[in-house]
Amino acid sequence: QVQLVESGGGLVQAGGSLRLSCAASGRTFSSYRVGWFRQAPGKEREFVADIRWSGTDTYYADSVKGRFTISRDNAKKTVYLQMNTLKPEDTGVYYCADQTGPFSEYSHWGQGTQVTVSS
């Protein structure tokens, strides 16, 4: 079983930056890809970005392209989400989860970290 713990959320003004971390523990050798998702109040959870533990494949939602950067530190078993030029619509709870294979569902969801962007 893989455990994922998010951190780094907070309150920031529009135009500001935050860096989120997703620390993995447990059977991390079974983890293939880690993704970031977010859920705003009253809205469904949506995909933000993901990255493979090996290789250079990264994917971003159109709404965050050019502003967010996902990266990883394999030695620390941590995936980061650098968020720049934040907008009020980026507000929400940010979660990370992982895939055990290229066609598997995301699972092992973390508890989430709150990001609030004030206008």
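Which residue in S3 is the bridge partner of Gln3? Hello everyone, let me start with that one. In S3, Gln3 has Ser25 as its bridge partner.

A word on the ground rules before I go on. This is a predicted model, in which local features need pLDDT of at least 70 and side-chain atom pairs count only at pLDDT 80 or more, while totals for chains, interfaces and linings use all residues. Residues are numbered from 1 along each chain as its sequence is written, and side-chain values use heavy atoms, with hydrogens and water left out.

Now, back to the strands. When I say strand, I mean a DSSP run of E with at least two residues, numbered from the N terminus. Two strands pair if DSSP finds at least two bridges between them. Strand S1, residues 2-7, is joined to S3 by 6 bridges, and the two run antiparallel. Besides Gln3 with Ser25, we have Leu4 standing opposite Ala24 in S3.

Look along S1 and you will see a nice pattern. In a regular strand the side chains alternate between the two faces of the sheet. Here, Val2, Leu4 and Glu6 point to one face and are buried, whereas Gln3, Val5 and Ser7 point to the other and are not. Buried, for this talk, is under 20% relative accessible area, exposed is over 50%, and partly exposed is in between, with a 1.4 Å probe and protein chains only.

S3 has another neighbour to show you. Strand S8, residues 78-83, is joined to S3 by 6 bridges, again running antiparallel. There, Ser21 has Tyr80 in S8 as its bridge partner.

Next, the open sheet. It is formed by 6 strands in the order S2-S10-S9-S4-S5-S6, with mixed pairing. Strand S2 (10-13) and strand S6 (58-60) stand at the edges with a single partner strand each, so one side of each has no neighbour in the sheet. On average, neighbouring strands of this sheet are turned by 25 degrees against each other, direction ignored; the axes behind that angle are lines fitted to C-alpha atoms, and angles in general run from 0 to 180 degrees between N-to-C directions. At the S2 edge, 4 bridges join S2 to strand S10 (residues 113-118), and these two run parallel. Val12 has Val117 in S10 as its bridge partner.

How many disulfides does a search of the whole structure find? The search finds 1, where a disulfide is a pair of cysteine sulfur atoms within 2.5 Å. Cys22 and Cys96 form the link, with their sulfur atoms 2.1 Å apart. The link is right-handed, with 80 degrees about the S-S bond. Cys22 lies in strand S3 (residues 18-26) and Cys96 in strand S9 (residues 92-99), so the pair ties together parts that are 74 residues apart in sequence. Cys22 counts as buried because its relative accessibility is 1%, and Cys96 counts as buried because its value is 0%.

While we are in S9, have a look at Asp98, which sits in that strand. Asp98 is buried yet has no salt bridge, and the nearest side chain of opposite charge, Arg27, is 9.9 Å away. For charge, Lys and Arg count as positive and Asp and Glu as negative, with His and the chain ends not counted. A salt bridge is a side-chain nitrogen of Lys or Arg within 4 Å of a carboxyl oxygen of Asp or Glu. What Asp98 does have is a polar contact of 2.8 Å with the side chain of Ser31. That term covers a pair of N or O atoms within 3.5 Å; within protein, one must be able to donate a hydrogen and the other to accept it, and residues adjacent in sequence count only if both atoms are side-chain atoms.

That brings me to the charged pairs. The structure holds 6 salt bridges. One of them joins the side chains of Asp90 and Arg38, at 2.9 Å from N to O. This pair links distant parts of the chain: Asp90 is in the loop between S8 and S9, and Arg38 is in strand S4 (residues 33-39), 52 residues apart. Both Asp90 and Arg38 are buried.

Asp90 also forms a salt bridge with Arg67, the closest N and O atoms being 2.8 Å apart. Arg67 is in the loop between S6 and strand S7 (68-73), and 23 residues separate Asp90 and Arg67. Arg67 is buried as well, with a relative accessible area of 10%. Salt bridges that share partners join Arg38, Glu46, Arg67 and Asp90 into one network.

Finally, Arg52 and Asp57 meet in a salt bridge of 3.5 Å, N to O. Here Arg52 counts as partly exposed at 22% relative accessibility, and Asp57 counts as partly exposed at 28%. Thanks for listening!
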